[in-house]
Amino acid sequence: MNSEKPPAAGGCDPFALVDAVQARTQALWPEAAAAAGLQEAGAVFRRMQLNSGVLHRRCVLEVRTADGQSYALRAEFGGTDPLRHTRSLDRHQAAADSLMPVSGVSAPALLWRDTQNPFVLMEFVRGDTAHRELAVAEYGFGDRGSILRRIGSAVAALHEVSAAGDRQFWPKPFLTRVANQAQAVRDGQLPVPKPNKFLGLCAYLHRAGRRARGQPFRAAVEHGDLHLRNILMSETTVSFIDFSNHDGIFPQRDLANIWLANCPDHLAAEGCTPGIGLVAQADWEAFQDGYGAELVNDPVFRFFYAHRLFRCWVGLCQKPPEQQMKSAQVAARAVQVLEALLADEDD
Ligand SMILES: Nc1ncnc2c1ncn2[C@@H]1O[C@H](COP(=O)(O)OP(=O)(O)OP(=O)(O)O)[C@@H](O)[C@H]1O
Ligand SMILES: [Mg+2]
């Protein structure tokens, strides 16, 4: 997913495009440094790794100032709704402020924001992405269970400081969209892979929605794009970046996203006993232990887990042709997750 090679756009040299985006981002530094009260001269810039699909319009730089401090400068050129972005940044800042007293969990403070565009200077967070921490644990560096426990407990702290009261769950708006997409598949307007299986997932979602209907839950403002590359981990701290929501209040959506946003990367590997939704049983145990709640028996969480699978499946229709092989693998795994959910329903 994070391949270094940027996509070709409109016949231009993709590497030249990426360099141009970096140059435009670097050009923001004088204004950002002045506004944040930092020394502008003598800074050095390092490009951070991004999703290959956005390299032609987004750039994140580590800026190292002459006094040895680091900052993160992030810029997006086109492709975002400015109002939505402003609200997500407000949400990011609110999370950073409210996590301040919580030890070991943080979000980087925003030091400068452009008033019109999605350009921002942040504190630089030390550490690796949670995705990488888990990957190196596979090679014997670090313990997967303790990493997942730490992530679970940090996400619980984020949701705790983002609490939005006790609510009841009403699935109707979600199910209306599910029904519309199912109709589009039947009409041949939405070319999802494995359409019959996909329709089976839509039917499952209606049953799962019925089971979750009216259930109480503790609402919390969502992170909105909580996947394991947006969680950075150092020895002491778990940090959240890249907030992408301001008004969604279903914490279960964040939790489902962790496992399925990069489907099938975090599902049970060969040789591991699979649990609910094909996440390894041991992973559920560690994560839930850290989060402090039994998610797999929560009908609202189960609904959102299946709903995230649904979104992942629909998203396969928009993948570029060069990702055909990968999409076929994701679709095959999505079918297996669906079958596991169905088998579990029969128990
Ligand atoms: N404040 C920060 N401190 C340190 N590193 C950062 C910071 N912000 C971003 N990064 C690095 O840059 C990478 C990309 O940043 P970010 O998540 O904001 O963009 P993105 O990955 O393109 O977004 P998406 O998650 O939507 O794909 C992160 O994975 C992280 O390694
Ligand atoms: Mg990110």
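Which of the 18 residues around ligand 1 come nearest?

**Entry 1: the ligand shell.** I began with ligand 1 in this predicted model. I found that Met-48, Asn-51, Ala-72, Val-125 and Asp-242 come nearest, out of the 18 residues around the ligand. I then looked up the elements that give two or more residues to this shell, and they are strand S2 (58–64) and strand S3 (70–76). I also recorded the make-up of the shell: ten residues are nonpolar, three are polar and five are charged.

**Entry 2: the place of the ligand.** I next asked where ligand 1 lies with respect to domain 1 and domain 2. Domain 1 covers 14–123 and domain 2 covers 128–346. Ligand 1 lies between them, because both domains give residues to its shell.

**Entry 3: the record.** I consulted UniProt, where an unreviewed entry lists residues 60–264 as "domain: Aminoglycoside phosphotransferase". In the model, I noted that the chain over residues 60–264 is 43% helix and 20% strand. The end C-alpha atoms of this stretch are 26 Å apart.

**Entry 4: a sheet.** I turned to an open sheet of four strands, and I wrote down its order as S4-S11-S10-S7, with mixed pairing. Strand S4 (105–106) and strand S7 (128–129) are the edge strands, since each pairs on one side only. I reminded myself that strands of a sheet pair through backbone hydrogen bonds, in either a parallel or an antiparallel way.

**Entry 5: one pair of strands.** In what sense do strand S10 and strand S11 pair? I found that S10 (residues 231–233) and S11 (residues 238–240) are antiparallel, with three bridges. Within this pair, Ile-231 stands opposite Phe-240 in S11.

Conventions: Residues are numbered from 1 along each chain as its sequence is written. Chains are lettered from A and ligands numbered from 1 in the order in which they are written. This is a predicted model: local features need pLDDT of at least 70, side-chain atom pairs count only at pLDDT 80 or more; totals for chains, interfaces and linings use all residues. A residue is near a molecule or strand if its C-beta atom, placed from the backbone, lies within 6 Å of it. Ala, Val, Leu, Ile, Met, Phe, Trp, Tyr, Cys and Pro count as nonpolar, Asp, Glu, Lys and Arg as charged, and the others, Gly among them, as polar. Domain bounds come from an automatic or database domain assignment. UniProt positions are given in the numbering used here, feature names are shortened, and annotations may be inferred rather than shown by experiment. Two strands pair if DSSP finds at least two bridges between them.
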